[in-house]
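The following paragraphs lead the reader through the structure shown below, beginning with its metal sites and moving outward to the surrounding helices.

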Amino acid sequence: MSRIFTRDLVPGMITDEDVYSVNDQLIIARGQKLTDNYINRLVFYSINSVRIRDDSEEVELPEKPHEDTYSEKILASEEYKVFKASFEVAVKHIKGFINDVIEKRIKIDEEYLLNEIQSLIVHNDNSIHLFDMLHNMHVYDDPTYAHSVNVALICNIFAKWLGFEKEELDIVTMAGLLHDIGKTKLPEGIITKPGKLTDDEYNLVKTHPTEGYKILKETTLNPHIINSALMHHERMDGSGYPLGLEGDQIDPCARIVAIADVYDAMTSRRVYRGPLCPFKVITIFESEGYHKYDSQYIYVFLEYIINTYINNRVRLSDGREGTIVLINKFDLAHPVVITDDGWIDLSRDHSLSVEEII
Ligand SMILES: [Fe+2]
Ligand SMILES: [Fe+2]
């Protein structure tokens with residue numbers, strides 16, 4: 001059995017694992033003989049490699065030139081290398097700090113932490129490039145801490161988009177940084193477990209908001225930060241956990257963290273797939289239901305993100321390439337693209353979609 005890049009798959013190969021989407025939906029089962037349709041499905045869900053049975057590999061690979069993907073271009077850039085180095089330092093510092101909070105109950109030096117996050121942003125005045133780099137970061141041994149730094153960065157940029165002043169901005173950033181602190185109380189293997197969790201394991205993971213709240217309520221942190229650890233998995237329609245709160249019962253800061261948290265989980269590179277294209281993220285938010293999130297925040301967030309992709313080259317689902325020239329405010333996932341064949345308004349024809357940024 002060997003792992004084959006999706007772009008190198010050919011019809012006739014047989015899968016040797018179940019392949020899941022970002023929302024745990026089974027895309028292709030183990031033992032499935034691949035067809036063009038199945039391969040397109042994998043591309044759609046940004047699955048970047050699949051385990052294939054060795055006995056199916058006598059299928060000949062077609063010769064085709066290898067073109068750098070968008071994410072390979074980012075990974076090769078100087079800017080990314082500099083960012084990666086400072087990101088790793090920040091993760092290390094924050095890990096040390098979180099351990100101190102838990103073990104020594106020291107007074108939390110918020111200024112030090114905020115500077116840590118700020119220093120990652122300073123060199124990146126173009127915030128979307130920063131998001132692209134975040135999406136492409138390699139998978140860490142310490143996924144909780146790397147995710148915490150990601151969410152803090154996303155919260156910081158998001159709060160600026162919302163027009164927040166320094167004081168609120170700092171609160172939202174800290175809330176992002178500490179939202180998953182309760183995960184430090186979970187048994188070691190659960191967070192890094194590859195593959196699906198059992199029901200028991202999942203129920204255990206669901207205790208992390210309460211555990212986080214217990215840790216932070218002993219501190220002098222702003223109550224919004226403490227509430228965010230408790231409430232970031234609550235949803236506006238009452239479908240979240242641990243308390244099943246709805247609407248205004250959820251701290252506004254936790255509603256912001258919830259969006260940044262889900263966005264990071266959806267877009268981050270995983271062992272089994274590359275980073276998810278932002279246009280697909282919108283489609284997933286749509287299929288999950290925007291009503292789970294605070295509407296005054298979610299639209300601002302998604303619109304800012306999508307707008308930064310104007311002028312980017314993209315590949316459409318029918319293979320054509322083009323440039324994004326206009327974003328449809330009321331249909332963010334379907335922009336207007338100019339191709340060699342002229343303008344295409346994707347909002348008029350949902351059979352076509354943006355497949356990937358190139
Ligand atoms: Fe969480
Ligand atoms: Fe999280």
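A residue is called buried when its relative accessible area is under 20%, exposed when that value is over 50%, and partly exposed in between. D261, with a relative accessibility of 6%, therefore counts as buried. D180 is likewise classed as buried, because its relative accessibility is 2%. The model discussed here is a predicted one.

Both of these aspartates belong to a metal site. The iron ion (ligand 2) takes its protein donors from H147 (NE2), H179 (NE2), D180 (OD) and D261 (OD), which lie 2.2 to 2.3 Å from the ion. Along the chain, these donor residues follow the spacing H-x31-H-D-x80-D. The four donor atoms form angles of 77 to 170 degrees, and the site of the iron ion (ligand 2) is irregular. Since D180 is placed in the loop between helix 7 and helix 8 (188-192) whereas D261 belongs to helix 12, the pair ties together parts that are 81 residues apart in sequence.

D180 also takes part in the other site. The iron ion (ligand 1) is coordinated by D180 (OD), H208 (NE2), H232 (NE2) and H233 (NE2), at 2.1 to 2.2 Å. D180 thus bridges the two ions, the iron ion (ligand 1) and the iron ion (ligand 2), which are 3.5 Å apart. For the iron ion (ligand 1), the spacing of donor residues in sequence reads D-x27-H-x23-H-H. The angles subtended by its four donor atoms run from 86 to 176 degrees, and the arrangement is therefore irregular. H208 lies in helix 10 (residues 208-216) and H232 in the loop between helix 11 (223-231) and helix 12 (252-267), so this pair ties together parts that are 24 residues apart in sequence. H208 and H232 are both buried.

Helix 11 comes next. N222 caps the N-terminal end of this helix, with a side-chain oxygen 2.8 Å from the backbone nitrogen of H224. Within helix 11, the residues I225, I226, S228, A229, L230 and M231 are buried. The buried residues of helix 11 pack against helix 4 (110-122), helix 7 (166-178), helix 10 and helix 12.

Helix 12, which contributes D261 to the site of the iron ion (ligand 2), also meets helix 14 (residues 295-307). The axes of helix 12 and helix 14 come within 10 Å and cross at roughly 35 degrees, and this crossing is right-handed. On the side of helix 12 the participants are P252, R255, I256, I259 and Y263, which meet Y297, I298, F301 and I305 of helix 14. R255 is buried, because its relative accessible area is 11%. The side chain of R255 is joined to that of D294 by a polar contact of 2.7 Å. Beyond its neighbours within four places in sequence, R255 is in contact with M236, G247, D248, I250, D294 and Y297.

Helix 4 offers a contrasting environment. Q118 is found in this helix and, with a relative accessibility of 29%, counts as partly exposed. Apart from neighbours within four places in sequence, Q118 is in contact with N156 and K160. The C-alpha atoms of Q118 and T173 are separated by 9.7 Å, although the two residues are 55 residues apart along the chain.

Note on methods. Residues are numbered from 1 along each chain as its sequence is written. Chains are lettered from A and ligands numbered from 1 in the order in which they are written. This is a predicted model: local features need pLDDT of at least 70, side-chain atom pairs count only at pLDDT 80 or more; totals for chains, interfaces and linings use all residues. Side-chain values use heavy atoms; hydrogens and water are left out. Donors are N, O and S atoms within 2.8 Å of the metal (3.2 Å for Na, K and Ca); water is not among the atoms, so sites may look incomplete. Four donors count as tetrahedral if all angles lie between 85 and 135 degrees; four count as square planar and six as octahedral if opposite donors are over 155 degrees apart and all others between 65 and 115; anything else is irregular. Helices (H or I, at least four residues) and strands (E, at least two) are DSSP runs, numbered from the N terminus. Buried means under 20% relative accessible area, exposed over 50%, partly exposed in between (1.4 Å probe, protein chains only). A polar contact is a pair of N or O atoms within 3.5 Å; within protein, one must be able to donate a hydrogen and the other to accept it, and residues adjacent in sequence count only if both atoms are side-chain atoms. Contact means heavy atoms within 4.5 Å. Axes are lines fitted to C-alpha atoms, for helices over the stretch in contact, and angles run from 0 to 180 degrees between N-to-C directions. A crossing is left-handed if the near helix is turned anticlockwise from the far one by less than a right angle, and right-handed if clockwise.
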